[in-house]
Amino acid sequence: MAFFTSTFLAARRKEWLDKIAKAQYRIGSTWYDGVITSREVVGNSIVIMVSVTDPVSTASTIVESRLIDVGGNVAGSRTENILKNVNQGVLLKYEFPINEV
């Protein structure tokens, strides 16, 4: 039997979602801002979609991505290996299930 109510957990998911201010990705040693195209709570998960534009107009590899909170701190990051062709966009999807265990 769960301790927290579903209403309480839904509110906490929304709070976490509201704390994400920016998404970034790294090509080589340079960080670029992505565009958050959607952000929502879906069921028990926080889902954030990020569009990656083509700042360098060459084939490149995205080696890391991260989310930045409203205070400017790194909320989380992950190592990537996404090969991107010239003028090709990339869509990153972050999905974080938040459940009581």
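The largest pocket in this predicted model is a good place to start: 16 residues line it, and those nearest its centre are Ile-20, Leu-67, Ala-75, Gly-76 and Phe-96. If you have the structure open, select these five residues to find your way to the middle of the pocket. Its volume is about 270 Å³. By character, the lining divides into 9 nonpolar, 3 polar and 4 charged residues.

Where does the lining of the largest pocket come from along the chain? At least two of its residues are supplied by each of these strands: S4 (45–52), S5 (60–69), S6 (74–84) and S7 (90–97).

Two of those strands, S4 and S7, lead us on to a sheet. In general, the strands of a sheet are held in pairs by hydrogen bonds between backbones, and the pairing can be parallel or antiparallel. Here 3 strands make an open sheet, ordered S3-S4-S7, with antiparallel pairing. Strand S3 (35–42) and S7 are the edge strands, each of them pairing on one side only. On average, neighbouring strands of this sheet are turned by 15 degrees against each other, direction ignored.

Now let us look at how S3 meets S4. These two antiparallel strands are joined by 7 bridges. For a single example, follow Arg-39 across to S4, where its bridge partner is Ile-48.

Finally, turn to the helix that packs on this sheet: helix H1, residues 6–18, touches both S3 and S4. The direction of H1 makes about 170 degrees with that of S3. Strand S4 therefore links the two parts of this tour, as strand S4 supplies residues to the pocket lining and pairs within the sheet by the bridge criterion of at least two bridges between strands.

Technical notes. Residues numbered from 1 in each chain as written. Predicted model: local features only at pLDDT ≥ 70, side-chain atom pairs only at ≥ 80, totals over all residues. Heavy atoms only, no water. 1 Å grid on protein atoms, 1.4 Å probe; cavity = no way out; pocket = protein on both sides within 12 Å on 5 of 7 lines; lining within 4 Å. Points joined across faces, edges and corners; volume = space filled by probe spheres on them. Helix = DSSP H or I, 4+ residues; strand = E, 2+ residues; numbered from the N terminus. Nonpolar A, V, L, I, M, F, W, Y, C, P; charged D, E, K, R; others polar. Axes fitted to C-alpha atoms, helices over the stretch in contact; angles between N-to-C directions. Contact = heavy atoms within 4.5 Å.
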